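Work through these short exercises with the model open beside you. Try each task before reading its solution.

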Amino acid sequence: MSASETAVALDRAQSGAVPVEQQGEPQSLEQAYALQSEVVGLRLSRGEQLVGVKLGFTSRAKMQQMGVSEVIVGSLTDAMRVADGGELRLDGLIHPRVEPEVAFRLSRDVDLDDPTLDVETCVDAVAPALEVIDSRYRDFRFSLTDVIADNTSAAAFVVGPWRPLTDVGNRAVRLVVDGSDVEIGSTAAVLGDPVRALHALVGLARRYGLPLQAGHVVLSGAATAAVPFGGVVEARIAGLGSVTVRGTRG
Ligand code: OOG
Ligand code: MG
């Protein structure tokens with residue numbers, strides 16, 4: 001398959017909620033991100049707007065769960081956004097999972113060409129968030145370059161109430177499904193402090209040409225392993241509050 005054919009196959013897998021086979025051919029990171037840009041480009045050509053970026057594999061829990069150990073980045077569009085307390089239909093998804101994250105908001109465009117850039121000065125707010133991931137690959141299995149091409153499994157995201165940027169380095173995190181704790185952890189699982197995800201983001205955005213613009217959301221990566229998505233799912237982060245989404249059928 002040519003790169004463009006692979007991009008179309010991944011796009012169809014997403015829109016039709018039918019999985020595809022892993023690519024099986026070794027790729028460079030540059031090729032994988034070029035493919036991701038084609039996949040995201042297909043969504044943008046249908047009128048979707050970029051609203052942010054997401055980091056992946058910033059915690060050991062996620063690296064161990066998926067067998068991938070390199071920080072990756074993908075794009076978020078407006079079509080992926082679900083309001084806090086809102087619903088997300090399961091029948092449009094393949095095998096969705098959900099994970100608790102810390103979200104940051106960019107208050108101004110990030111000048112990636114500025115060598116003295118301090119990305120923290122471009123962030124004004126922080127919030128608890130949930131990410132729904134849905135690998136387009138069969139059995140939710142992939143190599144590092146497969147998952148990069150698949151826009152890092154991004155499917156949907158929900159952001160809770162924003163509050164002015166504050167230290168979020170070591171906060172208790174609970175992932176609650178239908179009233180029961182299913183994962184417990186700490187924001188410290190995310191590179192020691194989720195703020196470090198912002199610095200990792202700058203390196204990746206420079207290398208792979210991702211724009212970081214005022215108003216964009218940055219998901220810093222899951223603090224715990226992901227769990228199957230369904231029912232009423234809530235992430236509670238100490239001092240930041242909570243965010244909720246409900247998975248519905250039919
Ligand atoms: C890839 C996305 C990883 C995270 O927060 O670590 C990710 C996957 O697990 O399918 O979003
Ligand atoms: Mg995630």
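The exercises below treat a predicted model.

**Exercise 1. Aromatic pairs**

Task: Find the aromatic pairs and classify each by its ring geometry.

Solution:
- Step 1. Count the pairs. The structure holds two.
- Step 2. Take Y33 and Y208. Their ring centres are 3.9 Å apart and their planes meet at 15°. Planes under 30 degrees apart count as stacked, so the pair of Y33 and Y208 is stacked.
- Step 3. Place this pair in the fold. Y33 belongs to helix α2 (residues 29-45), and Y208 to helix α5 (residues 195-208). The pair therefore ties together parts that are 175 residues apart in sequence.
- Step 4. Check exposure. Y33 and Y208 are both buried.
- Step 5. Take F140 and F142. Here the centres lie 6.3 Å apart, with the planes at 50°, so this pair is tilted. F140 and F142 are buried too.

**Exercise 2. Charges over rings**

Task: Which rings have the charged end of R97 or of R105 over them?

Solution:
- Step 1. Start from R97. Its charged end sits over the ring of F140, at 3.9 Å from the ring centre. F140 is also a member of the tilted pair with F142.
- Step 2. Move to R105. Its charged end sits over the ring of W162, and the distance to the ring centre is 5.2 Å.

**Exercise 3. The partners of strand β5**

Task: Describe how β5 is covered, then list strands that pair with it and the direction of each pairing.

Solution:
- Step 1. Look at cover. β5 spans residues 97-106, and eight of its ten residues are buried.
- Step 2. Pair β5 with β6 (residues 123-133). The two run antiparallel and are joined by ten bridges. V98 has V132 as its bridge partner in β6.
- Step 3. Pair β5 with β12 (residues 227-228). Two bridges join these strands, again antiparallel. In β12, V227 stands opposite V98.
- Step 4. Pair β5 with β11 (residues 217-219). Three bridges link them in the antiparallel sense. F104 is partnered by V218 of β11.

**Exercise 4. The site of ligand 1**

Task: Identify residues around ligand 1, trace its polar contacts and judge how far the protein covers it.

Solution:
- Step 1. List neighbours. There are 17 residues around ligand 1, and K54, K62, E99, S153 and A222 come nearest.
- Step 2. Trace backbone contacts. A polar backbone atom of F57 is 2.8 Å from an oxygen atom of ligand 1. For a backbone N or O atom of A222, the distance to a ligand 1 oxygen atom is 2.8 Å.
- Step 3. Add a side-chain contact. An N or O atom in the K62 side chain lies 2.7 Å from an oxygen atom of ligand 1.
- Step 4. Judge cover. Ligand 1 on its own has 320 Å² of accessible area, and the protein covers 100% of it.

Key
Residues numbered from 1 in each chain as written. Chains lettered and ligands numbered in written order. Predicted model: local features only at pLDDT ≥ 70, side-chain atom pairs only at ≥ 80, totals over all residues. Heavy atoms only, no water. Phe/Tyr/Trp six-rings, centres within 6.5 Å; stacked < 30°, edge-to-face > 60°. Helix = DSSP H or I, 4+ residues; strand = E, 2+ residues; numbered from the N terminus. Buried < 20%, exposed > 50% of the residue type's maximum accessible area, 1.4 Å probe, protein only. Lys NZ or Arg CZ within 6 Å of the ring centre and 35° of its normal. Near = heavy atom within 4 Å. Polar contact = N/O pair within 3.5 Å; in protein donor to acceptor, adjacent residues only side chain to side chain. Areas by Shrake-Rupley, 256 points an atom, 1.4 Å probe, with all protein chains shown as cover. Pairing = 2+ DSSP bridges.
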